[in-house]
Amino acid sequence: MKKYYKIIDGKQVFFRGVLVVDDKQIINPTEEQLLADGWVKYVEPGLTPEELLQQAKDAKLAEIDTYDQSPAVNSFTINGKEMWLDATLRQQLRTSINAYQALGMVNVTKWFDGVEYVFSITQWLQMLNTLEVYAADALNVTESHKAAVNEMSSVESINEYDITIGYPQKIAF
């Protein structure tokens, strides 16, 4: 819906729906009637360069977060099956494996998405350590991308910035 305004007593006043011309009230005036009575079409001000820059940064940072949480980063394969264990699951798995180890067991069976995995405790711990280093390295890349975007001073450089580079190679067990 178009807005119209006039400067009255030094203040910007917006048209409210009824036009009075020669003591007659016009409830739905046409644009021509409004303009003839001195009303001016209001144009929304654009964003400032600073606001545009911040908007571009916010969008790119959200894109980085989305990419960081996607299988493009958060995944590995075990016996050909793609999966991910978040930090909480990795810690729970480590606690469980340590309990098996404390009881002198050699192998541990775990189920993920309906698939049984049996490995020695040594293999489980090696996989968890490798996965933990991968997750930490990937997080470092994500944070470095965010820092780089926050330092940028042009919308063009932000829009052109490739958030997918630098991540470690995904792990395959």
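**A tour of rings and one histidine**

Begin by selecting F76, which in this predicted model is buried, because its relative accessible area is 4% and therefore falls under the 20% limit for that word. Keep F76 on the screen while you read on, since the next stops start from its ring.

The structure as a whole, when searched, contains 11 aromatic pairs. For one of these, add F173 to your selection and turn the view until both rings can be seen: the ring centres of F76 and F173 lie 5.8 Å apart and their planes meet at 75 degrees, so this pair counts as edge-to-face, the label used for planes over 60 degrees apart. The two partners come from distant parts of the chain, with F76 in strand 6 (residues 76–78) and F173 in the segment after helix 5 (155–160), 97 residues apart. Unlike F76, which is buried, F173 is partly exposed, with a relative accessible area of 29%.

Now widen the selection to W84 and Y134, which together with F76 and F173 form one aromatic cluster.

Next, go to K3 and F14, and show the side chains of both residues. Here the charged end of K3 sits over the ring of F14, at 5.4 Å from the centre of that ring.

For the last stop, select H145, which you will find in helix 4 (residues 121–151). Is H145 buried or exposed? H145 is buried, with a relative accessible area of 4%. If you then display the residues around H145, leaving aside its neighbours within four places in sequence, you will see that H145 is in contact with I64, Y161, D162, I163, I165 and Y167.

Methods:
Residues are numbered from 1 along each chain as its sequence is written. This is a predicted model: local features need pLDDT of at least 70, side-chain atom pairs count only at pLDDT 80 or more; totals for chains, interfaces and linings use all residues. Side-chain values use heavy atoms; hydrogens and water are left out. Rings of Phe, Tyr and Trp (its six-membered ring) pair if their centres lie within 6.5 Å; planes under 30 degrees apart count as stacked, over 60 as edge-to-face and the rest as tilted. Helices (H or I, at least four residues) and strands (E, at least two) are DSSP runs, numbered from the N terminus. Buried means under 20% relative accessible area, exposed over 50%, partly exposed in between (1.4 Å probe, protein chains only). A charge sits over a ring if NZ of Lys or CZ of Arg is within 6 Å of the ring centre and within 35 degrees of the ring normal. Contact means heavy atoms within 4.5 Å.
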